[in-house]
Amino acid sequence: MDILSRLSEELKIPYARLEATVKLLDEGNTVPFVARYRKEVTGGLDDTVLRTLTERLAALRNLEKRKEEIKALIDGQGKLTPELADAIDRASTVTEADDLYRPYRPKRRTRASVARERGLEPLAALLMEQRARYSPSIEEAAERFADPEKEVPDAASALAGARDILAETFSDDAELRKTVRRLTMGAGLLRSKRAAENPVFEQYYDYGEPLNRIPSHRVLAVNRGEKEGALSVSVEAPREKILEELARAVIKNRNSPAAAQIEAAIEDGYDRLTAPSVEREIRTELTDAAGEAAIGLFSVNLRNLLMQAPVKGKCVLGFDPGYRTGCKLAVVTKTGTVAETAVIYPTKPREDTEGAKKVMKRLISKYGVDVIAIGNGTASGESELFVADLLRELDGRTKYIIVSEAGASVYSASELGAEEFPDFDVTERSAASIARRLQDPLAELVKIDPKSIGVGQYQHDMKPARLDEALTGVVEDCVNAVGVDVNTASWALLSYIAGINKTTAKNIVKYRDENGEFAKRGELTKVPRFGAKAFEQAVGFLRIPGGAEIFDNTGVHPESYAAAEKLLTIFGRTKEDVRGGLSLRQEAASYGLAKLAGELGVGEPTLRDIIGELEKPGRDIRDASPSPFCGTECSISPTSRRGWC
């Protein structure tokens with residue numbers, strides 16, 4: 001089965017559609033662009049499905065590459081038969097392909113290779129004939145291979161060497177390894193024992209769970225305990241059942257005098273070679289699967305965090321709690337500008353409550369603070385009590401909310417943090433970040449490495465490259481789904497737009513600083529190193545509110561501007577009507593979407609998207625998400641963990 005056929009079957013996507021989608025991706029189109037602007041080709045596949053497709057496509061192409069490498073290596077030894085080549089081609093995983101290559105892989109010096117050097121391979125072959133009778137006897141035949149000069153002093157030594165050859169042969173056999181793997185996974189346990197005292201892993205001091213049912217988080221926990229030296233971990237396989245099955249597959253004549261020798265070789269090969277190797281493979285597979293499950297959970301949590309509704313039009317006072325160094329404050333205006341910073345000491349050891357209240361009241365009054373965003377880190381509880389007590393003394397207009405400060409310290413010490421706030425120390429930057437992540441979680445959190453945002457456990461146990469790839473993909477999808485104002489976005493936010501890398505993002509900001517705001521999307525082509533392909537991929541996700549071209553503040557791609565204008569003309573509307581808000585959906589449905597799409601020269605999915613964008617120019621899809629505030633002013637309660645619910 002070719003790669004596309006297999007993908008079509010796995011993902012339940014019609015072959016022709018899958019083939020066309022893969023062609024788009026191979027041509028360098030980004031996932032967000034394909035998901036949003038090529039729905040006619042993909043049949044409306046969303047970004048999540050497209051990312052799964054790209055990952056599986058890469059994995060299957062790597063598998064095919066590995067198969068070709070294996071065939072070339074075996075062919076280079078002059079041992080590639082049509083049957084072996086066919087078996088390699090039919091391998092469905094890299095493990096299966098490598099199992100077929102195992103007998104031909106160059107090996108370091110082993111007991112079997114030493115036995116071969118001593119001329120004992122014919123004796124091993126004689127044993128495998130499994131004759132009903134041997135004449136002379138096996139022992140007498142083995143005596144002929146005795147040669148003190150070759151360090152084979154007697155028949156017993158010759159038979160031992162022959163068994164070493166057979167043990168390695170059985171261990172290298174792809175079908176036998178498959179049997180061992182199947183039985184181990186089916187009835188084996190993952191075992192852990194205490195290796196050193198560490199209360200964190202106490203529940204795993206004497207632990208065992210079936211390999212085929214162990215949850216991902218426990219795999220990762222056991223791995224962590226082993227890595228930290230607290231646990232010794234092993235795979236407990238159904239040894240007797242495995243040996244019985246291997247013997248059934250290898251021994252064809254139980255009455256043969258050679259049966260005992262072969263059975264001994266099977267047992268030795270399993271214990272010494274196959275079992276340790278398969279255990280490593282299984283533990284790697286379990287870890288990889290657990291990692292993928294954890295990454296999937298991280299991705300969901302990260303997406304939910306990034307797509308939280310922004311708190312628009314509010315002046316926020318960021319409150320970064322602390323003890324000895326005090327609580328850091330930063331007033332961030334409705335437009336995201338940091339107006340003032342301060343440090344207060346309401347917590348231990350100083351407990352200057354009155355002085356802290358005086359500073360807070362001044363800032364709240366001076367800037368009309370609507371919300372106090374309190375970080376949930378060290379001293380958060382004491383800080384919340386202080387703020388709740390303070391707000392009882394005011395008019396009740398200002399509220400507070402607890403905000404996750406995960407990653408705030410990382411941002412504060414980063415190059416980007418220093419670039420944004422060169423005159424602030426790291427604690428002041430942290431307070432500003434806490435305030436801004438309430439105002440616009442997406443715009444602020446993209447400045448932080450996704451792994452540092454605190455959306456899951458065991459991220460340090462994942463493969464770094466795979467975790468980065470997955471989480472970066474989530475951030476890209478979120479940023480492009482929302483779109484960004486090209487005249488206000490930071491380079492960090494712009495760098496996640498489809499087709500734009502960090503260099504281009506910085507060039508956009510630099511051009512904007514030197515030449516003023518962009519009036520039209522088309523002006524972006526003047527930005528250095530922002531080529532035609534990158535422009536095509538990115539431009540639909542970049543917004544210019546209040547610009548000369550109303551379509552520039554929508555998700556309508558410039559390639560569809562002519563169709564959008566014609567659509568307005570058909571229904572007697574103008575671009576100015578779009579600014580004021582209009583409704584086209586019902587009229588378009590009455591006209592007939594298929595007919596209308598044909599007249600405009602676009603597909604129906606694109607037509608629907610154009611109508612949606614023209615009805616709500618500049619819309620933020622996050623506004624449909626639940627707000628952290630329900631709008632109801634509630635009594636402030638230190639136990640509620642919020643002053644506005």
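Let's start with the second largest pocket, which holds about 1,000 Å³ of space. Keep in mind that this is a predicted model. Thirty residues, written 30 on my slide, line that pocket. Nearest its centre are R56, A59, D288, E292 and K463. Which elements give two or more residues to this lining? They are α5 (47–76), α7 (94–101), α12 (174–187), α15 and α22 (464–482). By class, the lining of the second largest pocket has 14 charged residues, with eight nonpolar and eight polar.

Now the largest pocket. Its volume is about 1,200 Å³. The lining has 41 residues, and D440, A443, T488, A489 and L493 are the closest to the centre. Six names to follow on the screen here: α19 (415–420), α20 (426–439), α21 (441–445), β9 (484–485), α23 (491–494) and α24 (502–515) each give two or more residues to the lining. Of these, α24 supplies the largest share, five residues. By class, the lining of the largest pocket has 18 charged, 13 nonpolar and ten polar residues.

Next, the enclosed space. How many cavities of 30 Å³ or more are there? The count is one. About 70 Å³ of space lies in this largest cavity. Its lining consists of A167, F170, S171, L176, R177, V180, L246, I266, G269, Y270 and T274. At least two of the lining residues come from each of α11 (155–172), α12 and α15. The biggest contributor is α15, with four residues. By class, seven lining residues of the largest cavity are nonpolar, three are polar and one is charged.

You have now heard α15 in two places: it gives residues to the second largest pocket, and it gives the most to the largest cavity. So let's look at a helix that packs on it. That partner is α13 (residues 216–227), and α15 spans residues 259–306. The two axes come within 8 Å and cross at roughly 120°. That makes α13 oblique to α15. The crossing of α13 past α15 is left-handed.

Which residues meet at this contact? From α13 come S216, V219, L220, N223 and E226. From α15 come R283, L286, T287, A289, A290, G291, A293 and A294. By class, the contact of α13 with α15 has seven nonpolar, four polar and two charged residues.

That's the tour. Over to you for discussion.

Conventions
Residues are numbered from 1 along each chain as its sequence is written. This is a predicted model: local features need pLDDT of at least 70, side-chain atom pairs count only at pLDDT 80 or more; totals for chains, interfaces and linings use all residues. Side-chain values use heavy atoms; hydrogens and water are left out. Axes are lines fitted to C-alpha atoms, for helices over the stretch in contact, and angles run from 0 to 180 degrees between N-to-C directions. Angles under 35 degrees count as roughly parallel, over 145 as roughly antiparallel, 65 to 115 as roughly perpendicular and the rest as oblique. A crossing is left-handed if the near helix is turned anticlockwise from the far one by less than a right angle, and right-handed if clockwise. Contact means heavy atoms within 4.5 Å. Ala, Val, Leu, Ile, Met, Phe, Trp, Tyr, Cys and Pro count as nonpolar, Asp, Glu, Lys and Arg as charged, and the others, Gly among them, as polar. On a 1 Å grid over the protein atoms alone, a cavity is a set of points where a 1.4 Å probe fits but cannot get out, and a pocket is an open set with protein on both sides within 12 Å along at least five of seven lines; lining residues have an atom within 4 Å of a point. Grid points are joined across faces, edges and corners, and a volume is the space filled by probe spheres set on the points.
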